Amino acid sequence: MSTFRLAVEKALTGVGPFPRPTSEAILEIAYLTMAVDEELRDEEIDAFSVIAAAVLNSASGGQRLDDAALRKWLERFSG
């Protein structure tokens, strides 16, 4: 596991739950932050999945979105 992902997990421990509009805004900011250089790295996508699981489901411990849900969110913000 990368140090970046560990940092994301540590930062998100105990956050939420958030109202749906707040969760969506957090995810959009997270996406835009990683997409600003016009290159989505695997490490960034992995971290986005952990962030999304945390803010949408109040998950912790490094849980991730399933692949279909992750693709849906990435497509939503990329278009």
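**Exercise 1. Work out how helix 2 and helix 4 are oriented relative to each other, and what lines their contact.**

Solution. Helix 2 and helix 4 are roughly perpendicular to each other. Here's how to get there, bearing in mind that this is a predicted model.

- Step 1: take the two axes, which come within 10 Å and cross at roughly 75°.
- Step 2: compare with the cut-off, where 65 to 115 degrees counts as roughly perpendicular. The crossing of roughly 75° therefore earns the pair that label.
- Step 3: list who meets whom. Helix 2 brings Arg 20, Glu 24, Leu 27, Glu 28, Tyr 31 and Met 34, while helix 4 brings Trp 73, Leu 74, Arg 76, Phe 77 and Ser 78.
- Step 4: sort those residues by class, which gives six nonpolar, one polar and four charged.

**Exercise 2. Do the same for helix 3 and helix 4.**

Solution.

- Step 1: helix 3 covers residues 42-57 and helix 4 covers residues 67-78; their axes come within 11 Å and cross at roughly 100°.
- Step 2: that angle makes helix 3 roughly perpendicular to helix 4.
- Step 3: on the helix 3 side you'll find Ile 45, Phe 48, Ser 49 and Leu 56, and they meet Leu 70, Trp 73, Leu 74 and Phe 77 of helix 4.
- Step 4: the class tally for this contact is seven nonpolar, one polar and no charged residues.

**Exercise 3. Put the helices in the context of the whole chain: how many helices and strands are there, and which elements feed the largest nonpolar core?**

Solution.

- Step 1: count the elements. The protein has four helices and zero strands, and from the N terminus on they run α-α-α-α.
- Step 2: check burial, which covers 35% of the 79 residues.
- Step 3: look at contact range. Take contacts between residues at least 6 apart in sequence; 59% of them join residues at least 24 apart.
- Step 4: find the core. The largest nonpolar core holds 20 residues, and Leu 27, Tyr 31 and Phe 48 have the most contacts inside it.
- Step 5: assign it to elements. Helix 1 (3-12), helix 2 (20-35), helix 3 and helix 4 give two or more residues each, and helix 3 gives the most, with eight.

As background, nonpolar side chains in soluble globular proteins tend to be buried together.

**Exercise 4. Follow Tyr 31: what does this residue touch, and what kind of aromatic pair does Tyr 31 form with Phe 77?**

Solution.

- Step 1: skip the neighbours within four places in sequence. What's left in contact with Tyr 31 is Leu 40, Phe 48, Leu 74, Phe 77 and Ser 78.
- Step 2: count the aromatic pairs, which come to two.
- Step 3: read off the geometry of Tyr 31 with Phe 77, namely 5.9 Å centre to centre and 35° between the planes, so by the 30 and 60 degree cut-offs the pair is tilted.
- Step 4: place the partners. Tyr 31 sits in helix 2 and Phe 77 in helix 4, 46 residues apart, so the pair links distant parts of the chain.
- Step 5: check burial. Tyr 31 counts as buried because its relative accessibility is 8%, and Phe 77 counts as buried at 14%.
- Step 6: widen the view, and Tyr 31, Trp 73 and Phe 77 form one aromatic cluster.

**Exercise 5. Two serines to chase down: are Ser 49 and Ser 23 buried or exposed, and what do they touch?**

Solution.

- Step 1: Ser 49 belongs to helix 3 and is buried, with a relative accessible area of 0%.
- Step 2: not counting residues up to four places away in sequence, Ser 49 touches Gln 63, Arg 64, Leu 65 and Leu 70.
- Step 3: Ser 23 belongs to helix 2 and counts as buried at 1% relative accessibility.
- Step 4: with neighbours within four places set aside, Ser 23 is in contact with Phe 18, Val 55 and Leu 56.
- Step 5: zoom in on Val 55. Ser 23 and Val 55 are 32 residues apart in sequence, with their C-alpha atoms 5.7 Å apart in space.

**Exercise 6. Classify Leu 32 and Glu 38 by accessibility, and say what is notable about phi at Glu 38.**

Solution.

- Step 1: Leu 32 lies in helix 2 and is partly exposed at 48% relative accessible area.
- Step 2: Leu 32 and Ser 78 are 46 residues apart in sequence, and 8.8 Å apart from C-alpha to C-alpha.
- Step 3: Glu 38 is in the loop between helix 2 and helix 3, and is exposed with a relative accessible area of 78%.
- Step 4: phi of Glu 38 is near 60°, a positive value in a residue other than glycine.

Key. Residues are numbered from 1 along each chain as its sequence is written. This is a predicted model: local features need pLDDT of at least 70, side-chain atom pairs count only at pLDDT 80 or more; totals for chains, interfaces and linings use all residues. Side-chain values use heavy atoms; hydrogens and water are left out. Axes are lines fitted to C-alpha atoms, for helices over the stretch in contact, and angles run from 0 to 180 degrees between N-to-C directions. Angles under 35 degrees count as roughly parallel, over 145 as roughly antiparallel, 65 to 115 as roughly perpendicular and the rest as oblique. Contact means heavy atoms within 4.5 Å. Ala, Val, Leu, Ile, Met, Phe, Trp, Tyr, Cys and Pro count as nonpolar, Asp, Glu, Lys and Arg as charged, and the others, Gly among them, as polar. A nonpolar core is a set of buried Ala, Val, Leu, Ile, Met, Phe, Trp, Tyr and Cys residues joined through side-chain atoms within 4.5 Å. Buried means under 20% relative accessible area, exposed over 50%, partly exposed in between (1.4 Å probe, protein chains only). Rings of Phe, Tyr and Trp (its six-membered ring) pair if their centres lie within 6.5 Å; planes under 30 degrees apart count as stacked, over 60 as edge-to-face and the rest as tilted.
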